Amino acid sequence: MASGCLSVPKAPEITGASRFQGDVHFTSRWPHQGVDFTGKRVAVIGTGGIAHNHIRDFLATPGVTAVGFADPSAASLAAAARAFPGVPTFTDAETMLLKTRPDIVTICTPNKFHKENTLLALRHGAHVVCEK
């Protein structure tokens, strides 16, 4: 999981977060040696404008594979499919998570949907990238 704003670390206020066994990274304390994402499977919830930046950045990382895009907007999904051909698309995030079982989910929805989608991805055992 990566969390926090750029200047001050803020631990996520999520019930059960203290039981999380994986690595936790804050943008303000990003490891100087970097983070190895080799073999990680990434899914995206929300495929509007900012999502394309997240997808491009993840796919530019060696060993990362995009496994699914979810968005209730057919037009937004179609644009993502054109930009990143071959990645399965879903109109329902939970269906995508069940079918693709990603290691990492990046939340690219409007802010008001961040919490529900972050918690959904965490319940499915994924690491979450969520800005703001």
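Which side chain of opposite charge is nearest to Asp71, and how far away is it? Keep that question in mind as we walk through this structure, which is a predicted model.

Let's start by finding the residue. Asp71 sits in the loop that runs between strand E4 (65-70) and helix H2 (74-83). The answer to the opening question is Arg82, which is 12 Å away. Asp71 is buried and yet has no salt bridge. A salt bridge needs a side-chain nitrogen of Lys or Arg within 4 Å of a carboxyl oxygen of Asp or Glu.

What, then, does the side chain of Asp71 reach at 2.7 Å? Look for the backbone nitrogen of Thr47, which is found at that distance. A polar atom of the Asp71 side chain also lies 2.8 Å from the backbone nitrogen of Ser73. If you set aside residues up to four places away in sequence, Asp71 touches Gly46, Thr47 and Gly48, along with Ser76, Leu77, Phe90 and Thr91.

Thr47 is a handy signpost to the next stop, Ala80, since Thr47 is in contact with Ala80 as well. You will find Ala80 in helix H2. Its relative accessible area is 0%, so Ala80 is buried. Besides Thr47, and leaving aside neighbours within four places in sequence, Ala80 is in contact with His52 and Phe69. For a sense of scale, try Ala80 and Thr65: they are 15 residues apart in sequence, and their C-alpha atoms are 15 Å apart in space.

Now for the aromatic rings. How many aromatic pairs are there? The count comes to two. In one pair, the planes of Phe37 and Phe58 stand at 90° with the ring centres 6.2 Å apart, so this pair is edge-to-face. The pair joins distant parts of the chain, 21 residues apart: Phe37 is in the loop between strand E2 (25-26) and strand E3 (41-45), while Phe58 belongs to helix H1 (residues 49-59). Phe58 is buried, because its relative accessible area is 13% and buried means under 20%.

The other pair brings back Phe69, the residue we met as a contact of Ala80. Phe69 and Phe84 are also edge-to-face, with 6.1 Å from centre to centre and 75° between the planes. Here too distant parts of the chain are linked, 15 residues apart: Phe69 lies in strand E4, and Phe84 in the loop between H2 and strand E5 (89-90). Are these two rings buried or exposed? Phe69 is buried at 0% relative accessible area, and Phe84 counts as buried at 9%.

Methods: Residues numbered from 1 in each chain as written. Predicted model: local features only at pLDDT ≥ 70, side-chain atom pairs only at ≥ 80, totals over all residues. Heavy atoms only, no water. Helix = DSSP H or I, 4+ residues; strand = E, 2+ residues; numbered from the N terminus. Buried < 20%, exposed > 50% of the residue type's maximum accessible area, 1.4 Å probe, protein only. Lys, Arg positive; Asp, Glu negative; His and termini not counted. Polar contact = N/O pair within 3.5 Å; in protein donor to acceptor, adjacent residues only side chain to side chain. Contact = heavy atoms within 4.5 Å. Phe/Tyr/Trp six-rings, centres within 6.5 Å; stacked < 30°, edge-to-face > 60°.
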